[in-house]
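Student: I would like to learn how to read strand pairing, burial and salt bridges. Could you walk me through an example?
Tutor: Gladly; here is the one we will use.

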Amino acid sequence: MIRPFRFLATIAVALPAAAQTPQPIVRVGGFADAYYVWDLGRPALRDRAFTTQAVRHDEFNINLAHIEATLSAERVRGRLALQAGTAVQANYAGEPAIGANSGPSLSRSIQEAVVGVRVRPGLWVDGGVFFSHIGQESWISRDNPTYTRSFTAEYTPYYSSGVKVTWAASPKITAQLHLLNGWQNISENNERKAVGARIDWTPRTGVSVGWAGFRGDEQPEGSARRIRDFHQLVARLEPRSDLTLWLTADRGWERPETGPTATWGSLTAIAERRLSPTLSLAARVERYVDRDGVLIPVPDPEGFAVTSASLGLNLRLPEGVQWRTEARGYWSDASVWPDRLGSRRSTAALVTSLSLTLSASP
């Protein structure tokens with residue numbers, strides 16, 4: 001598999017012999033996202049299925065709250081952000097817990113802890129815990145056109161742990177190369193590292209396209225190897241000054257040493273229409289299929305195959321306050337949605353959120 005020491009040694013050779021002393025700029029801030037959601041299935045334990053966002057039914061709660069400090073300078077950069085919330089509990093529940101140290105109880109507190117060094121103009125090396133290179137939807141709801149997240153976002157990594165090299169090849173092209181512990185894990189579960197890559201191209205104003213990839217073995221130590229390959233294409237388009245579109249298509253494979261290859265994939269389209277400087281309407285439609293149960297195993301032999309659509313209204317005030325409301329429906333090929341009477345093929349949810357962004361500049 002990947003040799004991390006060889007990867008790091010290559011980076012070290014490229015570092016300059018002496019660095020200037022930049023004057024760093026440090027900014028501190030915070031974010032709090034409170035929510036209430038009504039799930040038509042009324043889950044008995046209040047934990048909604050197949051999501052990490054607005055995960056508690058009929059309960060006022062905090063989806064995500066974090067405090068952060070960022071540093072930027074000519075040759076160095078970094079961000080430290082600590083977090084809590086129900087989204088944090090849900091998303092980090094799968095962190096491996098091997099040995100007495102590390103594991104989910106520590107990992108879930110770290111949203112980002114990353115330090116970067118500029119090796120040469122346009123070339124940065126960053127290491128630590130950082131947001132994933134996959135996808136267009138952010139872990140922080142404030143930065144998304146829709147409040148809830150697509151299945152594509154929920155079942156690809158929100159975060160990674162490792163080292164990444166970012167190269168601004170030109171004003172229009174940026175490339176990244178990642179050496180990672182694995183598919184969204186800070187604590188390791190085996191002796192093999194994974195690799196990731198991303199390329200973004202902005203041919204002209206209002207048009208950007210990209211590709212992201214991942215390859216690694218995500219099976220625990222002692223289990224038979226299954227190499228996971230994942231590719232995603234993304235596009236962000238602004239056909240009009242008041243309209244933005246996000247398009248995503250992805251496909252994944254897991255190949256065991258013997259036996260058939262398992263696959264999954266999705267298509268997602270999101271549109272946001274700005275009605276005024278503070279008010280916008282956002283809609284999403286998607287199709288997610290994981291019949292082999294690679295990422296979403298379900299008891300039904302039809303597997304997980306769901307079409308979802310949502311419509312939301314966003315009010316964004318210049319003081320950093322956002323009030324967002326979204327209705328979302330789900331239609332599946334099998335009865336995968338739990339409710340108090342068993343399970344159903346379709347369900348719906350209505351969520352509202354009030355969030356605040358705090359910032360303090362030097």
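Tutor: Keep in mind that this is a predicted model. Let us begin with pairing: strand β1 (residues 25-39) runs antiparallel to strand β2 (residues 61-72), and eleven bridges join the two.

Student: Which residue in β2 stands opposite Asp 33?

Tutor: That is Leu 64. Strand β1 also pairs with strand β18 (residues 346-360), again in the antiparallel sense, over twelve bridges. There, Asp 39 has Ala 349 of β18 as its bridge partner.

Student: Now burial. Is Thr 244 buried or exposed?

Tutor: The cut-off for buried is under 20% relative accessible area. Thr 244 has 2%, so it is buried. You will find this residue in strand β11 (residues 243-256).

Student: What does the side chain of Thr 244 make a polar contact with?

Tutor: With the side chain of Arg 274, at 3.2 Å. Beyond four places in sequence, the residues in contact with Thr 244 include Arg 236, Leu 237, Glu 238, Ile 270 and Arg 274.

Student: Let us turn to charges. How many salt bridges are there?

Tutor: The general idea is that side chains of opposite charge can pair when their charged atoms come close. In this model the count is 28 salt bridges. One of them joins Glu 188 and Lys 193, with 3.0 Å between the closest N and O atoms. Glu 188 has a relative accessibility of 21%, so it counts as partly exposed.

Student: Which residue does Glu 326 meet in a salt bridge?

Tutor: Arg 284, with an N to O distance of 3.5 Å. Glu 326 belongs to strand β15 (residues 321-332) and Arg 284 to strand β13 (residues 279-290), so this salt bridge ties together parts 42 residues apart in sequence. Both Glu 326 and Arg 284 are buried.

Student: And what does Arg 287 pair with?

Tutor: The side chain of Arg 287 forms a salt bridge with that of Asp 333, at 3.2 Å from N to O. This pair also links distant parts of the chain, 46 residues apart: Arg 287 is in strand β13, while Asp 333 is in the loop between β15 and β16 (337-339). Arg 287, at 28% relative accessibility, is partly exposed, and Asp 333, at 25%, is partly exposed too.

Student: Which residues are joined into one network by salt bridges that share partners?

Tutor: Glu 137, Arg 284, Glu 286, Glu 326 and Arg 328. You can recognise Glu 326 and Arg 284 there as the buried pair.

Conventions. Residues numbered from 1 in each chain as written. Predicted model: local features only at pLDDT ≥ 70, side-chain atom pairs only at ≥ 80, totals over all residues. Heavy atoms only, no water. Helix = DSSP H or I, 4+ residues; strand = E, 2+ residues; numbered from the N terminus. Buried < 20%, exposed > 50% of the residue type's maximum accessible area, 1.4 Å probe, protein only. Polar contact = N/O pair within 3.5 Å; in protein donor to acceptor, adjacent residues only side chain to side chain. Contact = heavy atoms within 4.5 Å. Pairing = 2+ DSSP bridges. Salt bridge = Lys/Arg side-chain N within 4 Å of Asp/Glu carboxyl O.
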